[in-house]
Amino acid sequence: MNIIVGKNSGFCAGVKHTITKAKEELSKSENGIDCLGEIIHNEQVVNDLEELGLRIINKIEDAKGKVIIRAHGIAKDVYDHSKKHNIELIDLTCPNVIKIHNQVEKLSKSGYFIFLFGVKKHPETVGTYSFCGKNSYILEGIDDISPALNSLKGSNLNNVLIISQTTFSLNLFEKMTKMVLDELGNNFNVQVEKSICNATHLRQKEAFEISSKVQLMIIIGGKNSSNTKKLYEVSKENCKNVLSIQTKDDLDINFVKQFENVGVIAGASTPDYIIQDVINTLSKL
């Protein structure tokens, strides 16, 4: 079996920073620390951190002490609640996400209508949207373009910002942006911000390239990971056999071993040891 492994697999810089800092904080705490939501979208990593004292809470009102803010970021009202109730936050939000929060908040106050491209229920999108103000719209797919344009026209604003979730599909972002720009013409002042992070871009590009060379593509990542799902979608464009797994235990060995050329790539929340376990399992075939 010939195995092609993506060079851009595993933790991105933002996730690595979040996990490293979380471990440092947990090592200094005797009673553990709360985390608002899953710190990253990887079940195995979350389980490991829970053994070190991390407690996952679903709302800030359940906080018992210090609270870690996960890589995806949080909504603006959580910051407000924490300040009001003297809850100490350990903010481990990805720097790229914070940059987007600051930008959309600044431009929304300056009279811009915000078009936010992203998965509507993803925690990063939910958090970012809270900084966009009332003149904004989330666009998850092409079907959202028409209602978004109607909302813009009803606002009587002429300035528009197009921005996206950091792990959004690059191909979809470019396609939807072109469609929006074609509809708006020269009647609006439009600023396009390519906020998809470089790690996401490189992974999607590599997934596309590898999937065109293999008979089977294996995507490793958490089931709730947005960037992992995008790798799956990109790979399906070239390869009809694509598997999405969390660990080596999810591999269907009898199915996998019928292929000679296999590609492997992992999402930004997948630790190296899980990737290596998969590679080792495949190598034995």
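The legends below accompany an overall view and several close-up views of a predicted model of a single protein chain.

**Figure 1. Overall view of the predicted chain, with its secondary structure and dimensions.** The secondary structure of the chain consists of eleven helices and twelve strands. With a radius of gyration of 20 Å, close to the 19 Å that the globule rule gives for 285 residues, the chain is as compact as a globular protein of that length. The C-alpha trace extends over about 60 × 55 × 25 Å along its principal axes. Of the 285 residues, 51% are buried, and among contacts between residues at least 6 apart in sequence, 72% join residues at least 24 apart. The chain exposes about 14000 Å², of which carbon and sulfur atoms supply 45%. There are 34 positive and 34 negative charges in the chain, and the mean positions of these two sets are 3 Å apart.

**Figure 2. Strand 10 and the two strands that pair with it.** Strand 10 covers residues 216–220, and five of its five residues are buried, so this strand is largely enclosed by the rest of the structure. In a regular strand the side chains alternate between the two faces of the sheet. In strand 10, Leu216, Ile218 and Ile220 lie on one side, Met217 and Ile219 lie on the other, and both faces are covered, as these residues are all buried. Strand 12 (residues 261–266) runs parallel to strand 10 and is joined to it by five bridges; within this pairing, Ile220 has Ala266 as its bridge partner. Strand 11 (residues 242–245) also pairs with strand 10 in the parallel sense, over four bridges, and here Ile218 is partnered with Leu243.

**Figure 3. Leu243 in strand 11 and its surroundings.** Leu243 belongs to strand 11 and, with a relative accessibility of 21%, counts as partly exposed, because the buried class is reserved for values under 20%. Leaving aside neighbours within four places in sequence, Leu243 is in contact with Leu216, Met217, Ile218 and Ile219, and also with Phe255 and Val256. Leu36 is 207 residues away from Leu243 in sequence, and the C-alpha atoms of these two residues are 30 Å apart in space.

**Figure 4. Asn42 in the loop between strand 2 and helix 2.** Asn42 lies in the loop that connects strand 2 (33–36) to helix 2 (43–51), and at 1% relative accessibility this residue counts as buried. When residues up to four places away in sequence are not counted, Asn42 touches Gly222, Ser269, Thr270, Pro271 and Ile274. Although Asn42 and Gln246 are 204 residues apart in sequence, their C-alpha atoms are 8.2 Å apart in space.

**Figure 5. Thr166 in the loop between strand 8 and helix 7.** Thr166 is found in the loop between strand 8 (159–164) and helix 7 (170–184), where a relative accessibility of 5% places this residue among the buried ones. Neighbours within four places in sequence aside, the contacts of Thr166 are Asn96, Val97, Ile100, Glu124, Ser195, Ile196, Cys197 and Thr200.

**Figure 6. Tyr137 in strand 7 and the residues that it touches.** Tyr137 is placed in strand 7 (residues 136–139) and is partly exposed, with a relative accessible area of 22%. Not counting residues up to four places away in sequence, Tyr137 touches Phe113, Ile114, Phe115, Leu116 and Tyr129, as well as Asp144, Pro147, Ala148 and Ser151. Ala148, one of these residues, is eleven residues from Tyr137 in sequence and 5.8 Å from Tyr137 in space, C-alpha to C-alpha.

**Figure 7. Ser108 in helix 4 and Ser155 in helix 6.** Ser108 is located in helix 4 (residues 95–109) and, leaving aside neighbours within four places in sequence, is in contact with Ile114, Phe131, Cys132 and Gly133. Asn135 is 27 residues from Ser108 in sequence, with a C-alpha to C-alpha distance of 7.3 Å. Ser155 lies in helix 6 (residues 145–155) and is buried, with a relative accessible area of 18%. Sequence neighbours within four places again aside, Ser155 is in contact with Phe113 and Asn135.

Terms used:
Residues are numbered from 1 along each chain as its sequence is written. This is a predicted model: local features need pLDDT of at least 70, side-chain atom pairs count only at pLDDT 80 or more; totals for chains, interfaces and linings use all residues. Side-chain values use heavy atoms; hydrogens and water are left out. The radius of gyration is taken over C-alpha atoms; the globule rule is 2.2 Å times the number of residues to the power 0.38. Buried means under 20% relative accessible area, exposed over 50%, partly exposed in between (1.4 Å probe, protein chains only). Contact means heavy atoms within 4.5 Å. Accessible areas come from the Shrake-Rupley method with a 1.4 Å probe; for residues, only the protein chains shown count as cover. Lys and Arg count as positive and Asp and Glu as negative; His and the chain ends are not counted. The place of a charge is taken as NZ of Lys, CZ of Arg, CG of Asp or CD of Glu. Two strands pair if DSSP finds at least two bridges between them.
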